[in-house]
Amino acid sequence: MRVVDIIEKKKRGNSLSKEEIDFIINGYVENIIPDYQISAFLMAVCFKGMDDEETYNLTQAMLNSGEKVDLSDISGVKVDKHSTGGVGDKTTLVVAPLMAACGGVVAKMSGRGLGFTGGTLDKLEAIPGFRVSLTKEEVTETVNKIGVSVIGQTANIVPADKKLYALRDVTGTIDSIPLIASSIMSKKLASGSDKILLDVTVGSGAFMKDIDDARELARQMIRIGNKAGKETKAMITNMDTVLGVNVGNSLEVIEAIETLKGNGPEDFNTLITEATVLMLKMGVGITDEEARKRITEAIESGKALEKLAEMVRCQGGDPAYVYNPGLFKRAQYKGEFKSKQEGYIKHMNTEGCGICACILGAGRETKESDIDFSAGIEFIKKTGDYVSEGEVLACLYSNSEEKLNTGLEYLKDVYTFSKDAPPEEIIIHEIIE
Ligand code: URA
């Protein structure tokens, strides 16, 4: 087999066989095939796509490139949740402990921030002492004891994705549905849970900007999961505005804590409730009605918050921060972003909101750079709100005055206004069960 023939074949839009896909992936992981040939292959996939069979075979080839986590020592049905990324997306911080407080089991591997999107691991590390690297024994013990643990991926999980993702990031080959589907599903299948709920985000703050593309991505991932023997469902959710009100690591942890106490913003409350209902139905086998009852009870009784504190304690963090979010260090500088006009906020470029938070220090500039946990944005007003001239739309936080000023300048281009009220934002577009 020759790599160039496989590239040519894909370039002409023909389907590749399992053997050809295995040859490409194994050759790349073993450093036999160079980056430039894989780049050409990825670009051909971007332009010509892949059919369901090819995408499944690509996922399997990636999955087989590394170790598969065995969670069989953990009792109960383990349900994973995965979001395709967004701005202000702190869903896991709420859904994982809430699920455990309602009788579910979550042993989850999360990721770090990527581009303008934040990552659950970075948010958890905003809690002093929190460890995202646990041994298999520690994860097993924690989940068997309290029903939940959220950790980072081990080094040997899907090495093919690590190499391919880094290459895609710099070759303009991220936004391909089969490449995203195989990247996500190979990691989900490797991380050992029994069932998977996918949160496929769509809008200006998501990788999928268009609902039809989001639907197709969801469909492909569900098919891969089910074919691999893991029940998989998806929700298509709105990321055309920031989720909740806070963006930035400790700010998002604080918002998650408030939500677990029942004080979350409406859009975020809706999302975490519907996600947890679906996960409870999948994992515990209860009815919709019973799931909603348990969720209300867990939040009102304080059990959900207690579960987050337990998880923090078990993973080396200081649970005092969960009970008293005032302990989180505040940024040195705060700036108010005020409206220059009166009217309705018609749209917020959500990717721009994420980039602005990164400018303030909430994301990494290079792979090696440190995150400023206290940097971020609190959105006082969002899409659909009516604002007066001079009204504060957002508060920006940073430990660098220069970054704060750059962020304030950057946010100017994020908002568009209108005289008439825009249509109401839909939080959950569709649930694909
Ligand atoms: N998240 C992933 O893990 N992979 C992608 O390709 C895109 C988002």
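## Ligand shell and strand pairing

The residues of the shell around the ligand divide into 4 nonpolar, 1 polar and 2 charged. The model is predicted. Residues around the ligand are Tyr-165, Arg-168, Ile-180, Ser-183, Ile-184, Lys-187 and Phe-207. Two helices, H8 (159-169) and H9 (177-190), each supply at least two residues of this shell. The largest contribution is that of H9, with 4 residues.

Three side chains of the shell have a polar atom at the following distances from ligand atoms.

| Residue | Ligand atom | Distance |
|---|---|---|
| Arg-168 | oxygen | 2.9 Å |
| Ser-183 | nitrogen | 2.7 Å |
| Lys-187 | oxygen | 2.5 Å |

On its own the ligand has 240 Å² of accessible area, and the protein covers 92% of this.

Which strands form the open sheet, and in what order? There are 4 strands in this sheet, in the order E1-E4-E5-E13, and their pairing is mixed. Strand E1 (79-83) and strand E13 (428-432) each have a single partner strand and stand at the edges, so one side of each is left without a neighbour in the sheet. On average, neighbouring strands of this sheet are turned by 15 degrees against each other, direction ignored.

Within the sheet, strand E4 (residues 195-202) pairs with strand E5 (residues 231-238) in the parallel sense, over 8 bridges. One of the residue pairs joins Ile-196 to its bridge partner in E5, Thr-232. As a general matter, strands of a sheet pair through backbone hydrogen bonds, either parallel or antiparallel.

A further parallel pairing is that of E2 with strand E3 (residues 148-152), over 5 bridges. In this pairing, Lys-108 stands opposite Val-150 in E3.

Why is strand E2 described as largely enclosed by the rest of the structure? Strand E2 covers residues 106-110, and 5 of its 5 residues are buried, so the strand is largely enclosed by the rest of the structure. Buried here means under 20% relative accessible area, with protein chains only taken into account. The side chains of E2 point two ways: Val-106, Lys-108 and Ser-110 one way, Ala-107 and Met-109 the other. Residues pointing either way are buried, including Lys-108, the residue that stands opposite Val-150.

Definitions and conventions: Residues numbered from 1 in each chain as written. Predicted model: local features only at pLDDT ≥ 70, side-chain atom pairs only at ≥ 80, totals over all residues. Heavy atoms only, no water. Buried < 20%, exposed > 50% of the residue type's maximum accessible area, 1.4 Å probe, protein only. Pairing = 2+ DSSP bridges. Near = heavy atom within 4 Å. Polar contact = N/O pair within 3.5 Å; in protein donor to acceptor, adjacent residues only side chain to side chain. Areas by Shrake-Rupley, 256 points an atom, 1.4 Å probe, with all protein chains shown as cover. Nonpolar A, V, L, I, M, F, W, Y, C, P; charged D, E, K, R; others polar. Axes fitted to C-alpha atoms, helices over the stretch in contact; angles between N-to-C directions.
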